[in-house]
Number of protein chains: 2
Amino acid sequence: MKNPAGASSSDRLVAAATKIVQAHGYGGLNMRDLAQDVGMKGASIYHHFPSKADLAAAVARRYWQDSAEALQALSATCDNPLDCLRRYPETFRKSLESDNRMCLSSFMAAEYDDLPEAVKKEVQAFADVNVDWLAQGLSAARIVPANEAEGRARAIYAAVAGAQLMARGRADIALFDALIASYRSAGLLPA
Amino acid sequence: MKNPAGASSSDRLVAAATKIVQAHGYGGLNMRDLAQDVGMKGASIYHHFPSKADLAAAVARRYWQDSAEALQALSATCDNPLDCLRRYPETFRKSLESDNRMCLSSFMAAEYDDLPEAVKKEVQAFADVNVDWLAQGLSAARIVPANEAEGRARAIYAAVAGAQLMARGRADIALFDALIASYRSAGLLPA
DNA sequence: ACCTGAACACCGTTCAAGT
DNA sequence: ACCTGAACACCGTTCAAGT
């Protein structure tokens, strides 16, 4: 069954491309292999997206939108702002749990020089979503003064992304956990 | 003058390839363009390195060796261990100053799934060199207890690499500086 | 030894032709 | 409408043949 639950071809292309980019980057995404993943031929993709750049922009857009939803869902399930912040690294851990994959936006940040402009825009939106969510949590939990919340939020985002990158480079999820623990004991993340 | 100061063809290939990988990654390194950089044809490279994998391994090895030398030189110029630690982020800032390039080992960590085994080994050596240098400085400066030095060193390395990645994704070196400043005020880096 | 033209395999893309 | 084989121009890589 190539099309379960009535997902459209476009949806399945975006979903499959997301997994590929998280493992191989924009440059490592090729149309023929992607097509095979969803049961069509390479040329057929162009019936759904006019170019690789458009497909990648759609992928990156969906990625930050899904991330925004996931963070909202996290906010809804935790007891208080501090609890939310403590659980933030879980969102990055999940990628590593999925075959050592990494954040799509981190991979694409590395590929900055080779990214179409429309893709760059969506990649930055992911960081914005994360930083905004963190800043709101830091303010609500009164961890830093309001005027320092955004700066600290950016620092947490960059540090957690860096931890994921280092852990991926050794395919060692325990290293990710250790890095997060070190961030906590150093005072970057709430203990 | 394609060969100044008597540098060998191999040396010039490694140097030119390093700049390319820092901007486009292992996947974005192509033999014809690299060859043109040093004044030969693509096929000629294979007279100096048996494969792209061997070339990339030589590139990554030279990269961590140069980094180890640079850190030793930094140790020699600063007044005390604390001063050394404060200046550590400069080494990552320099890459961004060079046309928004990033750490070769960070880019290759993202490309983990597509890296030849020999290259992975050298990439990890870069992290080891950095972590060891940081751990020694943290111990010498008595910033953390000896048994926590390595963990904190890894955290600093990952966080600084993450700051570089985020700043590259926006081509914004001021963001890198702001992130480092936030790490200091949060207590991850010595103030 | 060092270099190269030419071949090979691959990739993004297009298009005429199918259903 | 959706899909496809075949082709196009291109690029990374390899190899047989040059000097």
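In this predicted model, helix α9 of chain A, covering residues 173–186, packs against helix α8 of chain B, covering residues 149–169, with the two axes 9 Å apart and at an angle of about 95°. Since angles of 65 to 115 degrees count as roughly perpendicular, α9(A) and α8(B) are therefore roughly perpendicular to each other. On the side of α9(A), the contact is built from A:Leu175, A:Ala178, A:Leu179, A:Ser182, A:Tyr183, A:Ser185 and A:Ala186, and these face B:Gly151, B:Arg152, B:Arg154, B:Ala155, B:Ala158 and B:Ala159 of α8(B). Sorted by class, the residues of this contact between α9(A) and α8(B) comprise eight nonpolar, three polar and two charged.

This helix pair joins two chains, and the next step is to look at the interface between them. In the model, 40 residues of chain B are in contact with 40 residues of chain A, and the area buried between the two chains is about 3200 Å², with carbon and sulfur atoms giving 61% of that area. Within chain B, the residues that lose the most area to chain A are B:Ala110, B:Leu165 and B:Arg170, which together account for 17% of what that side buries. B:Arg170 also takes part in a salt bridge with A:Asp128, in which the closest N and O atoms are 2.7 Å apart. Across the interface of chain B and chain A, four salt bridges are found.

How the two copies are arranged can be described in simple terms, because two copies of a chain are related by a rotation about an axis and a shift along it. Here, chain B is superposed on chain A by a rotation of 180° with 0.0 Å of shift along its axis, at an RMSD of 0.1 Å, and that is the relation of a two-fold axis. Of the interface residues of chain B, 100% are also interface residues in chain A, so the copies meet through the same surface.

Packing inside a single chain can be followed in chain B, where the axes of helix α1 (residues 9–24) and helix α3 (residues 52–77) come within 9 Å and cross at roughly 85°. The helices α1(B) and α3(B) are therefore also roughly perpendicular to each other. From α1(B), the residues B:Asp11, B:Val14, B:Ala17, B:Thr18 and B:Gln22 meet B:Leu55, B:Ala58, B:Val59, B:Arg62 and B:Tyr63 of α3(B). By class, this contact has six nonpolar, two polar and two charged residues.

Over all chains, the count of salt bridges comes to 20. One within chain A links A:Lys120 with A:Glu117, the closest N and O atoms being 3.8 Å apart. A:Lys120 and A:Glu117 lie three residues apart in helix α7 of chain A, which spans residues 117–140, and are therefore separated by about one helical turn.

Definitions and conventions. Residues are numbered from 1 along each chain as its sequence is written. Chains are lettered from A and ligands numbered from 1 in the order in which they are written. This is a predicted model: local features need pLDDT of at least 70, side-chain atom pairs count only at pLDDT 80 or more; totals for chains, interfaces and linings use all residues. Side-chain values use heavy atoms; hydrogens and water are left out. Axes are lines fitted to C-alpha atoms, for helices over the stretch in contact, and angles run from 0 to 180 degrees between N-to-C directions. Helices (H or I, at least four residues) and strands (E, at least two) are DSSP runs, numbered from the N terminus. Angles under 35 degrees count as roughly parallel, over 145 as roughly antiparallel, 65 to 115 as roughly perpendicular and the rest as oblique. Contact means heavy atoms within 4.5 Å. Ala, Val, Leu, Ile, Met, Phe, Trp, Tyr, Cys and Pro count as nonpolar, Asp, Glu, Lys and Arg as charged, and the others, Gly among them, as polar. Copies are superposed by least squares on the C-alpha atoms of residues with pLDDT of at least 70 in both. Buried area is the accessible area (1.4 Å probe) that two parts lose on being put together, summed over both. A salt bridge is a side-chain nitrogen of Lys or Arg within 4 Å of a carboxyl oxygen of Asp or Glu.
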